Structure formats: C-alpha cells, structure tokens
Amino acid sequence: SNSKSKYMNPSIYPLSFIFLLNACASNSQQKQADENNATAAVAQDASQASYYIDVHNLEPGKVKFEDVANAHQKDLATEGRHGVNFIRYWVDEAKGKVYCLSKASNKQSIIDTHREAHGLLPDAVFKVTDGPEAVVLGNKPMYIDIHELGAGKVTAKDVAGAHEKDLAVEKKYGVNFINYWVDEKEGMILCLSEAPDSAAIKQTHKEAHGLLPAYILQVKQGQ
C-alpha cells in the first residue's frame, strides 16, 4: 500500500513536470476552441450565402470537359474549408470558357477554393440572383446566352418579366429556357436553355422582348 500511495502522491513529482502537464492541457483546450470557432464561422457564412457565377476564359480549343470535371472534383474536396458550395458548371470547349455556379458568403472564398484546389483562378466572379428553374429535357444542345446591359441598368424584377415573355414564346422555336441569373450591379444576365441551335434562342428573345444577347455559347453541363 505504501508503494501505491507513493505513485499517487503528486507532491513527489517535480514542479516542472506538473507545469508541463498543465500547459499541454491548456494548449489542447485552446486548439479545440479554435476548431470550434472556425466551424461556427463557416456555418455562419453558409447561412448568409449568395449565388455566384465565376468565369474562366481559357485558350479556345484547348479546354476539355473531362479536365474541367476533374478540377471540379478537386473544388468539391476543398470547398468545405472555405464555406463554398459548388453546384454545377458549364464548359464551352471550342471557345475555352468555363462557368461555375456556387453559393458562398463572398467572392474571395470562391477564389481561395480554386487556388487551393487546382490553382486555376477565375477571370471574373459575379454575384447573382436566380429565377425559377425548369426541368432539363436533355434532348437538345445546351446553351448559355449572355446579355451585357451595363452597370446598374437592369433589375431582377425586369429580368423576371422578360423571362416570362420568353416562356410564352419558346415552344414556337423549340427552346426550353431552364433558368437565368442576374448581376444587377454589373448589368449582366446569363440565360441557360436547350435549343435546336443558337438562332432559335435569338429569335425567341427577339419576339418575346427584343433584348438580344451579346453572345451565345454552346455548353456541356456538369455537377
């Protein structure tokens, strides 16, 4: 019993050893607190998230959908550390353009995710609002048409009205408008659709409201 009490008696340990134990415990508690705070910050950011579309202008003809799909998987593996949720992406292989749709608390978190995941940084990041989403039919090519109306010259309400006019006309030209995104600050609109060709999209917009896109991209979609 004397031997047992000897090992249980803290008074025989050097003070430096006791201080070391206390320091280790304190460091462990601080590390856990830091991790909890970081997790809470990411959760708070997620609750305040907005939609963003980031654009990569790469070399025409040098972009493969499979390569973008691989980069997207790296984004998905990294996004949680930055409070980002990548939703889907579109690729125009011929023109070397990639558009990524995500939800995040700010633009910088999207850039940081891309930087850590694969190093391919976007040329532009747009904060957008979206419209009601229609079903993808999958029986025609997919397009994104871009309207550049000028900073401060468009509102989400106006675009919603124009979109309703598109929906009223689209069947006449075999178009299926899936969704749209608006950046009011930059005056930019992106419309996603399925159509027999780009001419059908132009004709639908022209008849519906007269607002023709600056350009139209034929894209492949991934998520």
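The following legends describe close-up views of a predicted model of one protein chain.

**Figure 1. Overview of the secondary structure of the protein chain.** The chain contains 6 helices and 8 strands. Read from the start of the sequence to its end, these elements follow the pattern α-α-β-α-β-β-α-β-β-α-β-β-α-β. Of the 223 residues, 37% count as buried. Among contacts between residues at least 6 apart in sequence, 74% join residues at least 24 apart.

**Figure 2. Helix α3 and the elements that cover it.** Helix α3 comprises the 14 residues 65–78. At 1.5 Å a residue, a helix of this length should span 20 Å, and the end C-alpha atoms of α3 are 20 Å apart, so the expected and modelled spans agree. The buried residues of α3 are Phe65, Val68, Ala69, Ala71, His72, Asp75 and Thr78. The cover over these buried residues includes two strands that precede α4, namely β2 (85–92) and β3 (97–104), together with helix α4 (107–117) itself and strand β8 (215–222).

**Figure 3. The surroundings of His72 in helix α3.** His72 belongs to helix α3. Its relative accessible area is 4%, and because buried means under 20%, His72 is classed as buried. With neighbours within four places in sequence left aside, His72 is in contact with Phe86, Tyr89 and Gln223. Of these partners, Phe86 also appears among the residues of the second nonpolar core, shown in Figure 6.

**Figure 4. The largest pocket and its lining.** About 220 Å³ of space lies in this pocket. Its lining is made up of 15 residues, of which Leu58, Asp67, Val68, Ala71 and Leu120 are the closest to the centre. Helix α3 contributes 5 residues, the largest share of the lining. Both α3 and β3 supply at least two lining residues each. Two of the residues closest to the pocket centre, Val68 and Ala71, are also listed among the buried residues of α3.

**Figure 5. Strand β1 and its pairing with β3 and β4.** Strand β1 is mostly covered, with 6 of its 8 residues buried. β1 and β3 run antiparallel and are joined by 8 bridges. Within this pairing, Val55 has Tyr99 of β3 as its bridge partner. β1 is also antiparallel to β4, to which 5 bridges join it. Here Asp54 is partnered by Val125, while Tyr52 stands opposite Lys127. Strand β4 in turn pairs with β6, again in an antiparallel arrangement, through 2 bridges. In that pairing, Asp130 stands opposite Trp181 of β6.

**Figure 6. The nonpolar cores and the contacts of Trp90.** The largest nonpolar core has 17 residues, and those that touch the most other members are Ile53, Trp90, Tyr99, Ile144, Trp181 and Leu190. Two or more residues of this core come from each of the strands β1 (50–57), β3, β4 (124–130), β5, β6 (176–183), β7 (188–194) and β8. A second, separate core consists of 14 residues, including Val84, Phe86, Val91 and Cys100. When residues up to four places away in sequence are not counted, Trp90 touches Lys97, Val98, Tyr99, Leu101, Met142, Ile144, Trp181, Leu192, Val219, Lys220 and Gln221. Among these contacts, Tyr99, Ile144 and Trp181 are themselves listed with Trp90 as members that touch the most others in the largest core.

**Figure 7. Glu148 in strand β5.** Glu148 lies in strand β5, which covers residues 142–148. With a relative accessible area of 52%, Glu148 is exposed, because the exposed class begins over 50%. Outside its neighbours within four places in sequence, Glu148 is in contact with Gly187, Ala214 and Tyr215. Glu148 and Ile189 are 41 residues apart in sequence, while their C-alpha atoms are 6.7 Å apart in space.

**Figure 8. Tyr173 in the loop between α5 and β6.** Tyr173 is located in the loop that connects α5 (156–169) to β6. At 21% relative accessibility, Tyr173 counts as partly exposed, because this value falls between the limits of 20% and 50%. Apart from residues up to four places away in sequence, Tyr173 touches Pro196, Ala200, Gln203, Thr204 and Glu207. One of these, Pro196, is 23 residues from Tyr173 in sequence and 8.3 Å from it in space, C-alpha to C-alpha.

Key
Residues are numbered from 1 along each chain as its sequence is written. This is a predicted model: local features need pLDDT of at least 70, side-chain atom pairs count only at pLDDT 80 or more; totals for chains, interfaces and linings use all residues. Side-chain values use heavy atoms; hydrogens and water are left out. Helices (H or I, at least four residues) and strands (E, at least two) are DSSP runs, numbered from the N terminus. The expected span of a helix is 1.5 Å times one less than its number of residues. Buried means under 20% relative accessible area, exposed over 50%, partly exposed in between (1.4 Å probe, protein chains only). Contact means heavy atoms within 4.5 Å. A nonpolar core is a set of buried Ala, Val, Leu, Ile, Met, Phe, Trp, Tyr and Cys residues joined through side-chain atoms within 4.5 Å. Two strands pair if DSSP finds at least two bridges between them. On a 1 Å grid over the protein atoms alone, a cavity is a set of points where a 1.4 Å probe fits but cannot get out, and a pocket is an open set with protein on both sides within 12 Å along at least five of seven lines; lining residues have an atom within 4 Å of a point. Grid points are joined across faces, edges and corners, and a volume is the space filled by probe spheres set on the points.
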